Amino acid sequence: HRDLHSFPTRRSSDLPGGFDEKIYYAGSGIYLKAIIADKELIQGSDAKTVRNLLIRSRNRMIKGLHSYLPEKQAGLVTAIILGETAGLDDITRESMRRSGISHITAVSGTAVFLVMSPLIVLLKRMRIPVRAVKVLTMIILICFGTMIGWVPSVSRSIAVIICTIFVKSCKRKTTPLNILSLSLTGILLLEPICCLNAGFWMSSAAAAAIISLAPKFTRSISS
C-alpha cells in the first residue's frame with residue numbers, strides 16, 4: 001500500500017492491566033504502526049528472494065484451498081494451518097468466540113504438527129535415507145516458519161523439533177525439558193526481544209507444564 005501515515009501506540013497507562021502495546025508489537029518484530037490513507041493497491045517487490053517465493057507459495061495455497069473446498073471450510077482450514085483469518089465469516093468468528101475456541105485460528109504448534117506429520121510419513125514411505133529425511137524435515141520446517149511468520153508458538157515448536165533431531169543424530173541421551181530449554185535458549189540468542197513477548201512466555205510455560213505434568217496425569221489415569 002502507499003500513503004501510509006504512522007501514529008503512536010497507546011501507553012500502558014491507557015490500557016487495562018498495564019498492557020504495553022509498544023513492547024507487545026516489538027516482540028513480534030513490528031516497529032511501526034500505520035493506517036491506510038489510500039486504499040489503492042500497488043505491486044509489491046518482484047525480487048526472487050526465498051522469502052518472497054515462500055509468501056507467493058502461501059498465497060497460492062490459500063487460493064488452491066478456496067478453489068477445492070467450500071468457502072466456509074476453506075476459510076477455517078487456512079486460518080488453522082496458515083493463520084489467514086480473512087476468509088472466516090462473521091458467523092463462524094462469533095460461534096468460535098462464544099465456544100471459547102478462537103485460539104485455534106492462531107498459528108501454533110498444532111499447525112506445525114498438521115503440516116509435518118503427513119510429510120514425514122510420505123518421506124519415509126519413499127524409502128529416503130533416514131539422514132536425508134531429517135535434513136529435509138528441518139528445511140521444510142524453516143520454510144514453513146518463514147512462510148507463516150515466526151510467531152512465538154511456531155518458533156518454539158520448530159526449535160524443539162530441530163533440537164530433537166540434532167540431539168538424536170548425535171546419539172545423546174536427554175530429556176524433553178532439556179530439549180525445551182535448549183530450544184528456548186536458541187530462540188532468545190537469535191531474537192532477544194522475545195523475552196519481552198508475553199506470547200513467548202505463555203507458549204513456553206504451557207509446553208513446560210505439559211512435559212512436567214503429563215506423566216503424572218497418565219499414571220493417575222492408568223491407576
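C163 is buried in this predicted model. Its relative accessibility is 15%, and the cut-off for buried is under 20%. C143 sits on the other side of that cut-off. At 26% relative accessibility, C143 is partly exposed, because that class lies between the 20% and 50% limits. Neither cysteine is in a disulfide, as the structure holds zero of them. Such a bond would be a covalent link between the sulfur atoms of two cysteines.

Now turn to the interior. The largest nonpolar core has 14 residues. Within this core, L82, V112, F144, I148 and V154 touch the most other members. Four helices each give two or more residues to the core: α2 (50-68), α5 (109-125), α6 (130-148) and α7 (152-169).

Take I148 as a way in. Set aside its neighbours within four places in sequence. I148 is then in contact with R58, I81, L82, V107 and V154. Two of these partners, L82 and V154, also appear in the list of residues that touch the most other core members.

There is another core, separate from that one. This second core has seven residues, including A159, I187, C194 and F200.

Next, the surface. L76, I101 and I104 form a nonpolar patch there. Together they have about 190 Å² of accessible area. I101 lies in the loop between α4 (90-99) and α5 (109-125). Why does I101 count as partly exposed? Its relative accessibility is 34%, so I101 falls between the 20% and 50% limits. That value also clears the patch cut-off of over 30%.

Key:
Residues numbered from 1 in each chain as written. Predicted model: local features only at pLDDT ≥ 70, side-chain atom pairs only at ≥ 80, totals over all residues. Heavy atoms only, no water. Patch = residues over 30% accessible without salt bridge, like charges linked within 9 Å, V, L, I, M, F, W, Y side chains within 5 Å. Areas by Shrake-Rupley, 256 points an atom, 1.4 Å probe, with all protein chains shown as cover. Salt bridge = Lys/Arg side-chain N within 4 Å of Asp/Glu carboxyl O. Buried < 20%, exposed > 50% of the residue type's maximum accessible area, 1.4 Å probe, protein only. Core = buried A, V, L, I, M, F, W, Y, C linked by side-chain atoms within 4.5 Å. Contact = heavy atoms within 4.5 Å. Disulfide = S-S within 2.5 Å.
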